[in-house]
Amino acid sequence: MTEVRESEHVAGVYVVEPTVHGDERGAFVETYRREWIPGAREMIQTNRSTKQAGALVGLHYHLHQADYWYNPVGTIRAVVHDLRQGGPTDGATDVIELSDTNHVGLFIPPGVAHGFAAQTDVVMTYLVDGYYNPADELGVAWDDPDVWAGWTDGHGPTEGWGVENPVMSARDQQNPTRTDLPIDRRPTWPMRT
């Protein structure tokens, strides 16, 4: 039976642990159902991302779009950080492993910054509930001490994560700190889920 639980640290983030059906031929996994996520809108676009081991993506966030991540090949450590000012978990961070062995899915609502460190070469799919909108593609610095991603368990140093010298996009290297986010780009609570 698929288990869905809300993050203990970040409100509105849901971790999905699906049932894996397998035999000598292989496996079948139902990776997403809208009904698993309370209040979720219809996912209208699917994207695929391939990254090499040592790549770091993020931290990104949206004011209007939710994401659902699933990692069918390889292992990533996903980091989510609540930017929603005035919310019950404002400033909280959580770290979740997604891999081709644990089959975990991750729902990320608007206003929650998200990124990942590729532990291996990976293929990741992600569903979104809004079409690409460059005005809603926002970011916060991956190494912001106020975010304290840690890139381990949320409480430790980066050693062992392959992010001492991460491979990053130019965009992600230029993201501002949480404190320096423009006022019109700061999420506030409540936001839709």
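The dialogue below reads selected features of a predicted model.

Q: What should be kept in mind about numbering and confidence?
A: Residues are numbered from 1 along each chain as its sequence is written, and side-chain values use heavy atoms, with hydrogens and water left out. Because the model is predicted, local features need pLDDT of at least 70 and side-chain atom pairs count only at pLDDT 80 or more, while totals for chains, interfaces and linings use all residues.

Q: How many residues does the largest nonpolar core have, and which have the most contacts inside it?
A: A nonpolar core is a set of buried Ala, Val, Leu, Ile, Met, Phe, Trp, Tyr and Cys residues joined through side-chain atoms within 4.5 Å, where buried means under 20% relative accessible area, exposed over 50%, and partly exposed in between (1.4 Å probe, protein chains only). Here the largest such core has 19 residues, and those with the most contacts inside it are W69, I76, V80, I96, L98, L106 and F116. Two or more residues come from each of β8 (75-82), β9 (93-99), β10 (105-108), β11 (112-118) and β12 (122-128), the strands being DSSP runs (E, at least two residues; helices are H or I, at least four) numbered from the N terminus. Apart from this core lies another, of 13 residues, among them V29, I37, A66 and Y70.

Q: Which peptide bonds are cis?
A: One cis bond joins G58 and L59, with omega about 5°, and L59 is found in strand β6 (residues 56-61). Another runs from W189 to P190, with omega near 0°, and P190 lies in the segment after α1 (170-173).

Q: What is the sign of phi at H103, and where does this residue lie?
A: Phi of H103 is near 60°, a positive value in a residue other than glycine, and H103 lies in the loop between β9 and β10. H103 is buried, at a relative accessible area of 15%.

Q: How many salt bridges are counted, and which parts does the pair of R178 and D90 tie together?
A: Side chains of opposite charge can pair when their charged atoms come close. A salt bridge is a side-chain nitrogen of Lys or Arg within 4 Å of a carboxyl oxygen of Asp or Glu, and by this rule the count comes to eight. In one of them, R178 and D90 meet at 2.4 Å, N to O; R178 lies in the segment after α1 and D90 in the loop between β8 and β9, so the pair ties together parts that are 88 residues apart in sequence. R178 is buried at 17% relative accessible area, whereas D90 is partly exposed at 32%.
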